[in-house]
Amino acid sequence: MNMPQQVFLRDAMRILNMTRESFSQRIGCTKRALDTWLLPDESSEFRAMPEMARRFISEILAAGDLRARREESGSSALRGKEMPPRGFGRLSHLLSVAQFSRESGERLFALADIMQPIARRRKVSRVLEGAVLANLFFEASTRTRLSFASAFMRLGGSVCDTTGFTYSSMAKGESIGDTSRTVSGYADVLVVRHPEQGSVAQFASATHVPVINGGDGAGEHPTQALIDLYTIQREFSRLGKLIDGSHIVITGDLKYGRTAHSLVQMLSLYRRMRFTLVSPPSLEMPEEITQLIALRGHDVEVSHSLERALQGADVIYTTRIQRERLTGETIDSFLSIFEINKKVVNQYCKNDVIVMHPLPRDSRPGAYDLNIDLDGDTRLAIFRQTDNGVPIRMAIFATILGVDGLVQGSLREANWAVPETWGPDDVLDIDSLEVGAQ
């Protein structure tokens, strides 16, 4: 079956690293025509792309792929000591963002685009019918656990859940290896969240089924980083911007904030990035991470001044203070000056800035987390961000279990009533998001 034209076009723009404006010029059509090709099939303004245009774009992609492979072979000796990313695919574990290159990440995003109609309840797929997911959350979670479960079940699979240590055999002294090997006999894939850094890798080493890192203490949260990067890409596409060369401000708890650790490493796969890392002095980003992104040729600034950092920012990524992980750090006297609120955004930021947060945010008075006074502001992308969790995690499951090539052919219409809108008034029109997606 031919790839749907919306997915084909978005994938082409990703590979060529072009905005809608530059892509339309490259293929010789008007931007308006391109926009109608990118609309969902059910839109009244949707237009089929001429077959000649599809062939021309395919030729451009083929020529670019040949040139890239020649450049790759000619420059392999110049890469230094950085190790290539480890593979991620059929029956492999997903433990770290270090497993991804820019290209493999964008392939996953292309698959997530195909998953969007399923995540939006428009389409149904059963490619994982009969498969079982074990959600092993030894640390409390709501969003992440439900997002993984929803993604698996929307592809036809079943989910077994466990949360916390209290009723686990590990509370009785069972080793991680015994728990992992036992549970792998019940399920086809494990998602593990654990409060101790390195424990998810121990689960993976003791099992014969794929393990996905759902949060590894203060270490990494790779699937959240993929969601965040996918969200940035879709938001930038809507705004006609590219990730390359953008200014990303990451603020909050950067010492223990595993989502920030993973995201900054994924973003460093792009070109000419500018990172401003803002936090209380005792909660700065770990030095090994700042050194890594600096060695990849990006500008990195560590700051304790939010106002100066926000000027010129394309993305503000703010995180909650991980109070449950603190070990005596002095923070309370600093917190009020790091709050992201409507006044700060209006005063210091560009009109098209994107405000993100991995959630949960602490909305209690005195917490000084992302302020709820931004709710309803279209610059706030936090709910579009959480919505993107389902298609990204669907793409991960499909890739790991080897059914990624079957999804498109398995789609059928949903039989139940589906929502016309997503609900919160910060959510942009669905058609506009589809047009803007690369």
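Let's start right after helix 11, where Gly297 takes a positive phi of about 90°. Keep in mind that this is a predicted model.

Now step back into helix 11 itself, which spans residues 287–295. Which of its residues are buried? They are Ile289, Thr290 and Ile293. These three cover an arc of only 100° around the axis, and that's why they end up on the same side of helix 11. Flip to the other side of the helix and you'll find Glu287, Glu288 and Leu295, which are exposed. So what covers the buried residues of helix 11? The cover includes the elements in this little table.

| Element | Residues |
|---|---|
| Helix 10 | 258–267 |
| Strand 7 | 274–278 |
| Strand 8 | 299–303 |

Next, have a look at a sheet. Four strands form an open one, in the order 3-2-4-5, and their pairing is parallel. Which strands stand at the edges? Those are strand 3 (158–163) and strand 5 (211–216). Each has a single partner strand, so one side of each is left without a neighbour in the sheet. On average, neighbouring strands here are turned by 10° against each other, direction ignored.

What holds strands together in a sheet, in general? They pair through backbone hydrogen bonds, either parallel or antiparallel.

Zoom in on one pair: strand 2 (residues 132–137) runs parallel to strand 3, and six bridges join the two. If you want to find one of the partners in the structure, go to Leu133 and look across to strand 3, where its bridge partner is Val159.

Conventions: Residues are numbered from 1 along each chain as its sequence is written. This is a predicted model: local features need pLDDT of at least 70, side-chain atom pairs count only at pLDDT 80 or more; totals for chains, interfaces and linings use all residues. Side-chain values use heavy atoms; hydrogens and water are left out. Buried means under 20% relative accessible area, exposed over 50%, partly exposed in between (1.4 Å probe, protein chains only). The arc is that of the directions from the helix axis to the C-beta atoms. Contact means heavy atoms within 4.5 Å. Two strands pair if DSSP finds at least two bridges between them. Axes are lines fitted to C-alpha atoms, for helices over the stretch in contact, and angles run from 0 to 180 degrees between N-to-C directions.
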